[in-house]
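Student: I should like to examine this model by question and answer, with each criterion stated as it arises. May we proceed in that manner?

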Amino acid sequence: MIPFVDLKAQYSEIKNEVNAAIQGVLETCQFTLGSEVAAFEQEFAAYCQAHYGIGVNTGTSALHLALLAAGIGPNDEVITVPFTFVATVAAIYYTGAKPVFVDIDPHTFTMDVKAIEAAITDKTKAIIPVHLYGQPADMDPILAIAKRHGLIVVEDACQAHGAEYKGKRVGALGDMGCFSFYPGKNLGAYGEGGMVVTNNTEYTRTIRMLRDWGAEQKYQHVLKGYNFRLEGIQGAVLRVKLRHLEVWTEARRSAASYYDELFSGSKVVTPEAMSYARHVYHIYAIRTKRRSEWQQALQAKGIQTGIHYPIPVHLLPAYADLGYKQGEFPHSEQAANEVLSLPMFAELSRAQCQAVTEAVIMLTNQRVAEHV
Ligand SMILES: Cc1ncc(COP(=O)(O)O)c(C=O)c1O
């Protein structure tokens, strides 16, 4: 049995440290925000090469509050991609603004920078590039377009902890960067969590208020805020895990390059890492036109896979009101039909990589046999 992710393997490696950290919070009873969260905010912001970090309850809330802090609301438009997790788009909706989609580049699965300018109108206020699968979007052209048109850039870095673009960490490349600490993420809480990182003091102040009922001091509510606070236990767990993140990230990168090596010379379509990127392989997705058959065959051999994501957001029933039609974003639609995520986690062994690649290559050969 090769799982898609193995959270138990990770826990057994850090059990003593994590248990002690949780015990510490139980002793201090700082269950929401508190000193562990404050320390984690500083440590994670530093890790992202950003000045400030504001811990929140989820990555979705991080996106939502980042947009609100930038003043985005009804009658505004925000440009993003349809090939993402639904939360990117939901966060735009929560502000009252309208999501406007541009297609992805089929090689990187991230925003096609050539498509952005055609989507800009007088209502456009922001761009949300998504660093999908752990590979940064091509940020230089995005930042140049944003500057030319006076737009805010909010990075959706929910899958990209520690990823780098031209040697710089993602998160503070644009105006704000949003992270998720959902348990399966490269840096995952033992529950939910998220963070906005930024170099901007004003955004920091506003988001700190918005996450805690719009108050800077207790009961002095100056903004209409939310209960989006990060929990103390999550802060403590995340501090422990952050100390291991670089080792885990290198282990993921090494597993990915071992997959690449084992697949080389085969017909398997492997993910492309761009020369500008430090790809952190939250997901290692291959492409196949026979996905459901492959997924079932792998499952029968005890190999778990995933699909991230089977339906692009513009074709989801929940967002039919945006009025997009099938065929409008062909690269997103094709990717949604073809991607298959292979097991990927820091503890993935060489033997497990070999078993996965052998099973996949066998499937590609079957096709050749059938055609002969
Ligand atoms: C690209 C992307 N954006 C946003 C989110 C939302 O994060 P969360 O689940 O922590 O709300 C996620 C993860 O779930 C994600 O993968």
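Student: In the loop between which elements is the place of Tyr309?
Tutor: This is a predicted model, in which local features need pLDDT of at least 70, side-chain atom pairs count only at pLDDT 80 or more, and totals for chains, interfaces and linings use all residues. Residues are numbered from 1 along each chain as its sequence is written, and side-chain values use heavy atoms, with hydrogens and water left out. With helices taken as DSSP runs (H or I, at least four residues) numbered from the N terminus, Tyr309 is in the loop between α10 (291-300) and α11 (330-338).

Student: What is the omega of the peptide bond from His308 to Tyr309?
Tutor: Most peptide bonds are trans. The bond from His308 to Tyr309 is cis, its omega being near 15 degrees.

Student: What is the phi of Cys29?
Tutor: Cys29 lies in the loop between α1 (7-28) and α2. Its phi is positive although the residue is not glycine, with a value near 60 degrees.

Student: Which residues around the ligand are the closest?
Tutor: A residue counts as near the ligand if one of its heavy atoms lies within 4 Å. The ligand is surrounded by 16 residues, and the closest are Gly59, Thr60, Asp156, Ser180 and Lys185.

Student: How much of the ligand's accessible area does the protein cover?
Tutor: Oxygen atoms of the ligand lie 2.8 Å from a polar backbone atom of Gly59, 2.4 Å from a polar side-chain atom of Thr60 and 3.1 Å from a polar side-chain atom of Lys185. Of the 390 Å² accessible on the ligand alone (Shrake-Rupley method, 1.4 Å probe), the protein covers 94%.

Student: Which element gives the largest share of the shell around the ligand?
Tutor: The elements giving two or more residues to this shell are α3 (59-69) and α4 (86-94). The largest share, 3 residues, comes from α3.

Student: How far apart in sequence are the parts that Glu36 and Arg239 tie together?
Tutor: A salt bridge places a side-chain nitrogen of Lys or Arg within 4 Å of a carboxyl oxygen of Asp or Glu, and the count is 20. In the bridge between Glu36 and Arg239, the closest N and O atoms are 3.3 Å apart. Glu36 lies in helix α2 (residues 35-47) and Arg239 in helix α8 (residues 232-242), so the separation of the parts they tie together is 203 residues.

How values were computed
A polar contact is a pair of N or O atoms within 3.5 Å; within protein, one must be able to donate a hydrogen and the other to accept it, and residues adjacent in sequence count only if both atoms are side-chain atoms.
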